Amino acid sequence: MFQLANPRRFYDLAQRLEPWVWAIAAILLSYGLYLGLIVSPPDYQQGETVRIMFVHVPAAWIAMMAYSGMAVASISSLIWRHVVADLFAKASAPVGAGFTFLALVTGSLWGRPMWGTYWVWDARLTSVLILFFLYLGYMALWSAIEDQTKAARAAAVLCLVGAINLPIIKFSVDWWNTLHQPASVARLGGPSIHPAILTPLLVMGIAYMVLYLAMVLQRTRIEILEHRLALALAADASRADRDTSTLSHRSAHSPEGAL
Amino acid sequence: MRRRTQRLWFVVGGLSVLSVAAALVLSAMSDNLVFFYSPTDLIKKAPPVGRMLRIGGLVEAGSVRRSDDGSVAFVVTDTNKTLAVSYHGLLPDLFREGQGVVAQGRLQPDGTFAAAEVLARHDENYMPPEVAKALKDQGMWHPEDGKKPGQQTAPAAMLDRPSGGGQ
């Protein structure tokens, strides 16, 4: 863990792992989609429409997992000042936003035939929409503050404040009456999904997780590269500044300059 | 090390204060966060007649009556209290007896509910049709009563949510 705090080590490790992680993600995704779209049976109530679940539910899981990862990174950034933690959180945000968007869109497309509406303002749907806006706000904050150190600190605080939303999303269906149904998988008493439908769902869940990992590894690696580049450019610029100022200083006082 | 410990406590303290604040706000607003009222809630809260609101529960088995002019009447139950609902329009595919339903509309002076919009609500159970049939054949499950497979006495999952019990 502390090895990874070193940007150089993280970069090397990510570079080595990336192709493998992408390959595993591709294999798992194809297998999961095959299971979900072809092998698994229709649902007794929802018929074939239940297959939307295989893209919708894992997307919602990753939406929350990506934010949890950012929150943990933000805590370590605020306490231990790890550059990699900042860059990891920064790199995760667009990935998490993408999965949240996917969950919202597929949920809406599922809601229309099943519930009879694309959207309602119940506690579950609204809290996930807030999660999406938190991701956007987080990204906006990073790009709004020019000083990267200050941006990292502000973004970490925003991320942690927003983390309050995570338990609200998870338990919204238990605490309040919602149109959205209660949890089927992660609940007391075990999953309420028949194994024939649960297996493709879990395979898709793992596939999305590996896909998330591949995206975040690559994006974090690129962030490290950009961070290095910015540091090098700043160092260059200050050296150039010093050179020109000493040059002009010299020329102003040199006998040739006076002539 | 001391500065780090200081920052650690600062983060921990900040997060706890924030959680408490969020919990207080949410519990204060919990009435507004409720998406629908169950028939029992309606009797307890007694909202004014004519105000737009949502009610929810299970469609009572055998209560659906369709007329030729496209209007539907059914009874919504939370296995404790019931409410008669009238509706004119298209029903969602998942609208079935024994299944969850949420209706938006107004309470009428005669104590019935005139729905302007009816949404179907499905529960957290998923299974292939053969399995559902087998469960029913074995008499282990009676979806019409709003009971879950293998659960003989507890009321439907959707209705015991607010009290936090159930499973």
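A salt bridge is counted here when a side-chain nitrogen of Lys or Arg lies within 4 Å of a carboxyl oxygen of Asp or Glu. One such pair in this predicted model joins the side chains of A:Glu223 and A:Lys90, with a distance of 3.2 Å from N to O. A:Glu223 belongs to helix 7 of chain A and A:Lys90 to helix 3 (residues 83–114) of chain A, so this salt bridge ties together parts that are 133 residues apart in sequence. A:Glu223 has a relative accessibility of 10% and therefore counts as buried, the limit for that label being under 20%.

Over all chains, the count comes to six salt bridges. Side chains of opposite charge can pair when their charged atoms come close. Another pair that involves helix 7 is formed by A:Arg221 and A:Glu18, whose closest N and O atoms are 2.6 Å apart. This pair, too, links distant parts of the chain: A:Arg221 sits in helix 7 (residues 195–253) of chain A, while A:Glu18 sits in helix 1 (residues 7–39) of chain A, 203 residues away. Both partners are shielded by the surrounding protein in the sense used here, as A:Arg221 is buried at 13% relative accessibility and A:Glu18 is buried with a relative accessible area of 7%.

A more local arrangement appears with A:Arg239 and A:Asp236, whose side chains meet in a salt bridge at 3.3 Å, N to O. Because these two residues are three positions apart in helix 7 of chain A, about one helical turn separates A:Arg239 from A:Asp236. A:Arg239 is partly exposed, with a relative accessible area of 42%, and A:Asp236 is likewise partly exposed, at 41%.

Attention now turns to the packing of two helices. Helix 4 (residues 123–144) of chain A and helix 6 (residues 165–175) of chain A have axes 8 Å apart and pack at an angle of about 160°. An angle over 145 degrees counts as roughly antiparallel, which is why helix 4 of chain A is described as roughly antiparallel to helix 6 of chain A. The crossing of helix 4 of chain A past helix 6 of chain A is left-handed. On the helix 4 side, the contact residues include A:Ala123, A:Val128, A:Leu131 and A:Leu134, and the helix 6 residues that meet this side include A:Leu166, A:Ile169, A:Lys170 and A:Val173. In the contact between helix 4 of chain A and helix 6 of chain A, nine residues are nonpolar, three polar and two charged.

Note on methods. Residues are numbered from 1 along each chain as its sequence is written. Chains are lettered from A and ligands numbered from 1 in the order in which they are written. This is a predicted model: local features need pLDDT of at least 70, side-chain atom pairs count only at pLDDT 80 or more; totals for chains, interfaces and linings use all residues. Side-chain values use heavy atoms; hydrogens and water are left out. Helices (H or I, at least four residues) and strands (E, at least two) are DSSP runs, numbered from the N terminus. Buried means under 20% relative accessible area, exposed over 50%, partly exposed in between (1.4 Å probe, protein chains only). Axes are lines fitted to C-alpha atoms, for helices over the stretch in contact, and angles run from 0 to 180 degrees between N-to-C directions. Angles under 35 degrees count as roughly parallel, over 145 as roughly antiparallel, 65 to 115 as roughly perpendicular and the rest as oblique. A crossing is left-handed if the near helix is turned anticlockwise from the far one by less than a right angle, and right-handed if clockwise. Contact means heavy atoms within 4.5 Å. Ala, Val, Leu, Ile, Met, Phe, Trp, Tyr, Cys and Pro count as nonpolar, Asp, Glu, Lys and Arg as charged, and the others, Gly among them, as polar.
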